[in-house]
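Here are a few short exercises on charged pairs and a surface patch. Have the structure open, try each task, and then follow the solution step by step.

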Amino acid sequence: MRHIISMLMENESGALSRVAGLFSARGYNIQELTVAPTEDQTVSRLTLVTEGDEQQIEQIVKHLNRLIDVVKVVDLTNGEHIERELLLIKLMATGAHREELKRLADIFRAQIVDVSATTYTVQLVGDKSKTDAFINALDASLILETVRSGALGIMRGEKRLQI
Amino acid sequence: MELTGAQIVVKFLEDEGVEHLWGYPGGAVLPIYDALDTTATTLKHILVRHEQAATHAADAYSRATGKPGLVLVTSGPGATNAITGIATAYMDSIPLIVITGQVPTSMIGLDAFQEVDTVGISRPIVKHNFLVRDVAELAQTLKKAFYIATTGRPGPVLIDIPKDVQNAKTDYVYPETVDIRSYNVVTKGHSGQIRKAVDLILSAERPMFYTGGGVVLGDASSQLTEFVRALGYPITQTLMGLGAFPASDAQSVGMLGMHGTYEANMAMHHCDVLIAIGARFDDRVTGNIEKFCPTAKVVHVDIDPASISKNVKVDVPIVGPVAQVLEDMLEMLRLEKRKPNQEALSNWWKQIDSWRAINCMAYQPSTKVIKPQAVIETLHRVTQGDAYVTSDVGQHQMWAAQYYPFEKPRRWINSGGLGTMGVGLPYAMGVKMALPDATVACVTGEGSIQMNIQELSTCLQYGLPVKIICLNNRFLGMVRQWQEFFYDRRYSMSYMDSLPDFVKLVESYGHVGMKVTDPAELESKMKEAFAMTDRLVFMDIQTDHTENVYPMIPAGAGQNEMILV
């Protein structure tokens, strides 16, 4: 099953490689990964998506907790949560395609954020199923470049990941 | 007081109560070596002949005393040579502090002379590591390193210190306290879980204790012994756990696993409640995991949550220090009205005794050729079972574990997890340095000993009169055994040709050498060797090269599928 695991880690050099190294050393797979600063300058928020059965995920969380630089870990999949991904996609947009791509972007509530004589760059925010659906709806021959942020996640309601 | 980074390292180690430091100097660590020379210090530095040996010796010092072992090496090759020793300590959860010199911060990343990414290379084999970029953080980082290495599940911690940080000055105050917000050590097991465990333990009809190195590292030997005796249940110990419960006790059924006893493995296979304490269900213990303990409910006590349910699904997990958890269990047992089911227990013991009667450790004695098992039995007699025994890795290691019954913890010093050939001699040095009055024997083979034989020189320099018991069978014995069993007797590269004359070799290092070929004179020669208490004696014992380690669970088989002979 697909799990979104989110953690706060110390802003120390090498912290990210400890997490990545753990996954490669123990044969777990990271499908998506994002890291960025938080309101607290001493920590970064790392979110990753991995696949595994219940026992594997339990081991992953335990091993992550064992890393000294990892302050807090949560498996977002265990509870109600919001998942979002940012997609930036550059499309060949000439002739009749220009109008058609604009309509398709509107249907998905995507925005065209950059335009050239022959291209559109489209931005779309949503969970994985939405970004997947948009990409699948496009004529594959028009896709010039795809950039996806990987999943971000946050718990619903008053629950939060904090130190 | 204002000190250089190098002086801070020396002063801190003193303040932390460190006695011994094992190391080898080099360019990037010269300021610390200079500080050792110029500072009046109680710290004793031992100069090894290869950095790998420094890590092994410090590791053995820790295994024998319970205190952390200290290593000091230079950057680049100094650090990479230390890697095998760090990995060895990591696999067996030994607290080791490794200080490495590094090129100056301004040169990091420029492929400088003797530069290597030490923190990167060591990352998967340390509990944690640090690169100190600011001398102001040095003392606190050292304190953190000791705290992390010695608490929770212990392990090696490496501190990489660039040369400019060693030369920079700052005020030094010994940091009394340490606070790491992301690292919280469990000090007590969950009482509800302990209650559940005690209930399950008391309800058992075919109980089995399975205990490991965690009992030794957690100094829980006396609590374990009391608990096991109070219940009257059988106990088996892993290679790393030997000595935590006395081998001579009737409740001990010996070691388990690939080369464990028949009775231990059969009892594991048929038990209904398995009480695992400070053990990690290693593949050499479990055999085929699908066939492991098919009828057992499992209680598992361990300090490391990640060890629980890693290989085998556990019914009652308890995370906590084993000594504390065992004390809580003993207290519950004292207040308990229920007693173990004596009738079921007596039937269980009858069954175990019938397995014992097979006498799986029997071997064919000989008057013509020296049997390796007989060497270990002789060693046990000559040392009255009271030696510190270090071993290398291979057949001799298994025979030492099988034929030298250990009565006390920390007496059996070997590389269980990583299985590092070459540890035996540096291990013996580490133990002898820690405990000068102890009898220290290194059981080795002609293959393993050559992996760190240069340390004979260190032994001479520091007067370390250890006894080296070399089972010389002219083969990489364990490799040869596997080739005989599983590779149709194709002995690819397992024969050792062109061996040195070990007697002459050790004599050239200033020690005593003995060659023994006749079984009749084995015991008298060994007595002679151990009588020379102030000399290192190397016994080159020519043993039967056809001998195999039995019994054996072949890879992929279950614990009830042992090859007996």
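**Exercise 1.** Find the salt-bridge partner of Asp282(B) and say how exposed that partner is.

Solution. In this predicted model, Asp282(B) pairs with Arg280(B), with 3.5 Å between the closest N and O atoms. Next, look at the accessibility of the partner: Arg280(B) has a relative accessible area of 24%, so it is partly exposed.

**Exercise 2.** Which residue meets Glu523(B) in a salt bridge, and which parts of the chain does the pair tie together?

Solution. The partner is Arg381(B), at 2.7 Å from N to O. Now place both ends: Glu523(B) belongs to helix 21 (residues 522–531) of chain B and Arg381(B) to helix 15 (residues 372–382) of chain B, so the contact joins parts 142 residues apart in sequence. Finally, check the surroundings: Glu523(B) is partly exposed at 25% relative accessibility, and Arg381(B) is partly exposed at 45%.

**Exercise 3.** Arg489(B) and Glu484(B) form a salt bridge; is Glu484(B) buried or exposed?

Solution. Start with the distance: the closest N and O atoms are 4.0 Å apart. Buried means under 20% relative accessible area, so Glu484(B), at 18%, counts as buried. Arg489(B), at 54%, counts as exposed.

**Exercise 4.** Locate the nonpolar surface patch that includes Val113(A).

Solution. Leu86(A), Leu88(A), Val125(A) and Val147(A) join Val113(A) in this patch, and together they have about 350 Å² of accessible area. Val113(A) sits in strand 6 (residues 111–115) of chain A and is partly exposed at 44% relative accessibility.

Key:
Residues are numbered from 1 along each chain as its sequence is written. Chains are lettered from A and ligands numbered from 1 in the order in which they are written. This is a predicted model: local features need pLDDT of at least 70, side-chain atom pairs count only at pLDDT 80 or more; totals for chains, interfaces and linings use all residues. Side-chain values use heavy atoms; hydrogens and water are left out. Patches are made of residues with over 30% relative accessible area and no salt bridge: like charges are joined within 9 Å, nonpolar side chains (Val, Leu, Ile, Met, Phe, Trp, Tyr) within 5 Å. Accessible areas come from the Shrake-Rupley method with a 1.4 Å probe; for residues, only the protein chains shown count as cover. A salt bridge is a side-chain nitrogen of Lys or Arg within 4 Å of a carboxyl oxygen of Asp or Glu. Helices (H or I, at least four residues) and strands (E, at least two) are DSSP runs, numbered from the N terminus. Buried means under 20% relative accessible area, exposed over 50%, partly exposed in between (1.4 Å probe, protein chains only).
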